[in-house]
Protein chains: 2
Amino acid sequence: MTRNVSDSDSVRRQNRGLILSALRSGGPQSRTGLAGVTGLSHASVTAIMQDLLAQRIVEELTSSERTDGRMRGRPATLVGFHRGAAYVALLEVDVNRLRASLVDYSGVLVDRIETAISPSTFAQTTPSEFFTLHLESLRERTPQAAQTLRRVAISVQGILSSDSSGLKWSPIAGLAGSSFAHDLAENSGLPVSLYKRGRLLAEGTRWLDPALHDSSVATVFVGSTVAMGLSLHGHITGRSEGGATEFGHMNHVPNGALCRCGMRGCIEAYAADYGILRTSYSVPETTPPAPAVPAQQFEALIQRAEAGDRDATHGFNLAGRAIGYGLSRMLAMFDPTHILIVGPGARALDLFRPEIEAALSSSLVCNINGLPKILAHPDEREPIFRGLMMKTLSALDQTDFAALESGSSVQRRA
Amino acid sequence: MTRNVSDSDSVRRQNRGLILSALRSGGPQSRTGLAGVTGLSHASVTAIMQDLLAQRIVEELTSSERTDGRMRGRPATLVGFHRGAAYVALLEVDVNRLRASLVDYSGVLVDRIETAISPSTFAQTTPSEFFTLHLESLRERTPQAAQTLRRVAISVQGILSSDSSGLKWSPIAGLAGSSFAHDLAENSGLPVSLYKRGRLLAEGTRWLDPALHDSSVATVFVGSTVAMGLSLHGHITGRSEGGATEFGHMNHVPNGALCRCGMRGCIEAYAADYGILRTSYSVPETTPPAPAVPAQQFEALIQRAEAGDRDATHGFNLAGRAIGYGLSRMLAMFDPTHILIVGPGARALDLFRPEIEAALSSSLVCNINGLPKILAHPDEREPIFRGLMMKTLSALDQTDFAALESGSSVQRRA
DNA sequence: AACTTCATTTTCGGGCCTCGAAGAAATTCG
DNA sequence: CGAATTTCTTCGAGGCCCGAAAATGAAGTT
C-alpha cells in the first residue's frame, strides 16, 4: 500500500529541497543564512551547495553589496538560482485572451505573447493546435531557452477531467472536451500541468501579500465568473486536492436564476457581472445570460450604484447576498481567517459588504468565532501569473532538481 | 520558518512508523510480510524489529498456525503488538451518555464504564470533575494499566476552541465554556486529545469497511443532530485541519426553521429528528425544538412514512431536501465518490434518497461527474469508537513509539 | 538417518548522509 | 601588521539502509 520508505536518498532529496525552497522564497542568500533558515548545519549546507553549484542549478553572486550593518568578518558570498538552469512556459487562458510567458529558473520574465480569444477561436483551431503553436513561438523567439525548457503550465477555468489531461467543462467556448494537455505534452515532449485559475489565485496571494502568507485565506474572484481558492495555513486544500472549488456554481437558491453553466440558482448567476447586470435591468432571471460584459459597462453600473441608483444597488445587494450565503456555507467546512475579494468585483466590495456580513452573521460559526476579515484586491492578473509561476518553479525545484543524484555526476551543457 | 530537516533520526522514525502502521492495519505479520508491505529490505525490518522487541513494543507470537497452503520452508514467526506496552482511555460523550473505555495497545477492550448524562449533569458537576472521576475509576479497576496509561482521547460534539482545550459551543448542555481537556490533562498528567464526533465517524468508517478505506467518503450522521466528516483518499480534511465540518449548521434556507443552536435555517433544523418531527406534525418552524426525541418515537415516524402517511412523508422529504442541497453545496468544495449516511436516520435512507438525488442533480458538478454513491450504515456507535481508538493508537505509534531511541537503551519495567 | 528443497531470518560489509569540531579564508579595526 | 570577527570548508564519527551471503528451521526424499 504505502511505499514511503525513507533512506539516504530521500534524506538528500528532502534537504536539497529545503534549501531550494528557502532560496525560492527568500531570494539569494549566504550559506550561513540558509543554514539558519533551514535548520541544517553549515557543513551540510556546504556539501549540498557544492553539488548544486557543480550541477549548475545555483550560482554564486559576486555582488557582495554588504548592505547589512555589521561590516566586520569575512563577507558572505550570496548564492542564487542559476537563471539558465531551466525555463518554463506559462499559458494563462482567459475568456478573451491567451497570455503565453517564458520565465527563467530565477523567476524573471523573458518573453511574453498575448493573443485575443473569441468565442469562435476554438471552432477554427483545436485547443491542442492553438497551444502548441504558441509554445513553438516562444521557443523560436528565445532559442537558448528552447534547449532547457522543462515544463509547461496552463491556467484554465472549468472542471478538470479526472486525469487532468483536459477539461470536462469550461466557460471558455470550445475548450472543454479535448485532452489538450495530453496532446501538448506529446507534441512538445514536455510535462504539461493544468491548474484551475481559482487555485492559482489562492497560491498567488500567498506570495503577494506577506501578511497573508501563513494565515488562512479564501480568495474569491468576482468578475465574469465567480471562483474561489483556499489556502489554509500555507497548505492548499479543496476539490481533488487541487485547492480550487466550484464556488461559483455552488447552489444559492434552488431553481433560481439561470447560470451560464446551464444550471439554475448558482452563485455566479447572481454575483458574476452578467448576473448583476441582469438583476439591475430587471431582466427575468431565466433569460439566457449575456456572453460577455464589457469592462466599462460593469464599471458604469458600479458608479450608478455608488451614486445611489435603486436598481443598480439592488443588483449588487442580491450579488452580495449570494456571495455571503455561499461563504457562510463554505465556512461550515473551512475556517479561513481572511476573505480576499479579487477581480473587477473587488472595486465594488463596499456595495457587497453589508449583505455579505449580514449573511455571515446568520451562521453559527461566525456567531461563535466572529466574522472573518474581508479584504479586496482589485488586480487579479498579477496573483494568477505569480501563482502559476511559483507553483511551477517550486514543482521544478522539488521534483526535478532536488532529486538529482549527487557526487561527481556533473551534468554539462554547451 | 520550516524546520523539516531530515537526518538519520527522522529516517529511523519514519521507517519504524511505517512498520508500526503496517502492523496496526494488517494485524500480526511475519517479518517477510512486513518487508513486502512497507517496501523496506528484510535486513532493515530485522534490525528495526530487534529494537522494537527489546523495547517491548512488539512481541513474537508463538502461534505459527500455518493456515496458508504452502507447508514447506521455515515457518514464519508472527510479530504483533505487545498488549501491555501501553493503554489508552477513550471517552465518548453523547447527549445522553458517557462511555469510558480502557483499551490496550493491541486494540483490545479491557474495561468499559457507561454513565447516563442528563441536561442537568454538568450543572451539578463540572465537566472537568466529571471526566477526571471516570478516568480515576478506569485506573482503579485495572491497576496494572494505570502504570502504562499513555493517553486520553475524548469524542465530543460541538465547536472546538482554538487551542482544543475545550468547546466553544456544544449541543450537550453545560459542556461548552470550560477548558476541561486542559484540566483533565493537568489532573491526570496525561496528554488529552479532543476529537469531533463527525471526524471520528469519517475515520471509523475507513477502518470499518475495507472497500471505503482508500476512496473518498463523506460520512453524514443523521439523528439527534446532523454532522459530517470527510475522508479523502485516506486523508482527513476539513475545518481546522480536523476533518470535521459544521455541516449540520450549514445554512439551508435564509431565515428558515429555528435550530437548536439558536440560528435559523440550519440543515439540522430540517433534517435532525426534532426537525423532521416538527415538520411532520405541522408545528410552526419557529417553535423552539424539543430537547430530545425518544428513539421509538422517531422509529414510529419512519414507519408511518413508509406506510404512506402524507405528513410524515412530507417531513422526510424536507429533510432529504435539506441534506441534498447541503451535500450539493459541499460538493462544490470536495469531491467524495461515496456518501455514507449513518445513525438513526440511516434507517430512513429510502425516504430521503429521492429528494437528495433530485437536489444533487441540480448541481453542475454532479451533472458532469455523475452522482456519488449514497450508502447507509445504521450503526454509528461502532465507527465512532473504532475511529477514536484507531486515531489514538496510531498517534501513539507515531508520536511515542516510532521516535524512541534505538540501540541498547532498553526500557525495563517490573 | 542423512540429504535436498525451500522459505524465513540474521549477519556482514559497503555506501550515503548529517553533524560537531577544528581549521582555513576573507575582511575590518586598532 | 596583528587581533578580532564572521564565513566557509574539511575531516572523522555515528546512523541508517541495502544487497549478498550465511544461518535457521521445517518438510519432503532417498
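Two strands count as paired here if DSSP finds at least two bridges between them. Keep that in mind as we walk through this predicted model, starting with a sheet in chain A.

That sheet is an open one, built from 5 strands in the order 5-4-3-6-9, and its pairing is mixed. Look at the two ends of that order: strand 5 (109-116) and strand 9 (192-196) of chain A are the edges, and each has a single partner strand, so one side of each has no neighbour in the sheet. Going from one strand to the next, the twist averages 15°. For a parallel pair, find strand 3 (residues 87-93) and strand 6 (residues 149-156) of chain A, which are joined by 6 bridges. One spot to pick out is A:Tyr87, whose bridge partner in strand 6 of chain A is A:Leu149.

Helices pack on this sheet too. Helix 7 (residues 180-188) of chain A touches strand 6 and strand 9 of chain A, and its direction makes about 150° with that of strand 9. Helix 15 (residues 381-401) of chain A touches strand 3, strand 4 (97-104), strand 6 and strand 9 of chain A, with its direction at about 145° to that of strand 3.

Now step back to the whole of chain A. Its domain assignment gives domain 1 (8-81), domain 2 (85-190) and domain 3 (200-380). Taken over C-alpha atoms, the centres of domain 1 and domain 3 of chain A are 42 Å apart.

Over in chain B, there is an open sheet of 5 strands, with the order 5-4-3-6-9 and mixed pairing. Its edge strands are strand 5 (109-116) and strand 9 (192-196) of chain B, each pairing on one side only. For an antiparallel pair, try strand 4 (residues 97-104) and strand 5 of chain B, which pair over 7 bridges. There, B:Arg97 stands opposite B:Ala116 in strand 5 of chain B. Helix 5 (residues 127-141) of chain B lies across strand 3 (87-93), strand 4, strand 5 and strand 6 (149-156) of chain B, running at about 145° to strand 5. Helix 8 (residues 197-208) of chain B packs on the sheet as well, touching strand 6 and strand 9 of chain B, and its direction makes about 85° with that of strand 9.

How do the two chains relate? A rotation of 180°, with 0.0 Å of shift along its axis, superposes chain A on chain B with an RMSD of 0.1 Å. The two copies are therefore related as by a two-fold rotation axis. Both copies use the same surface, with 100% of the contact residues of chain A recurring in chain B. In that contact, 46 residues of chain A meet 46 residues of chain B. On the chain A side, helix 1, helix 2, strand 8 (167-169), helix 12 (310-330) and helix 14 (364-369) each supply at least two residues. The residues of that side divide into 22 nonpolar, 16 polar and 8 charged.

Finally, the DNA. Strand D has 32 residues around it, and A:Gly73, A:Arg74, B:Ala43, B:Ser44 and B:Arg74 come nearest. Elements giving two or more residues to this surface are helix 2 (31-38) and helix 3 (42-54) of chain A, along with helix 1 (8-26) and helix 3 (42-54) of chain B. DNA strand C is surrounded by 32 residues, the closest being A:Ala43, A:Ser44, A:Arg74, B:Gly73 and B:Arg74. Here helix 1 (8-26) and helix 3 of chain A, plus helix 2 (31-38) and helix 3 of chain B, each supply at least two residues. The surface near strand C divides into 11 nonpolar, 13 polar and 8 charged residues.

Notes. Residues numbered from 1 in each chain as written. Chains lettered and ligands numbered in written order. Predicted model: local features only at pLDDT ≥ 70, side-chain atom pairs only at ≥ 80, totals over all residues. Near = placed C-beta within 6 Å. Helix = DSSP H or I, 4+ residues; strand = E, 2+ residues; numbered from the N terminus. Nonpolar A, V, L, I, M, F, W, Y, C, P; charged D, E, K, R; others polar. Domains from an automatic or database assignment. Least-squares fit on C-alpha atoms with pLDDT ≥ 70 in both. Contact = placed C-beta atoms within 7 Å. Axes fitted to C-alpha atoms, helices over the stretch in contact; angles between N-to-C directions.
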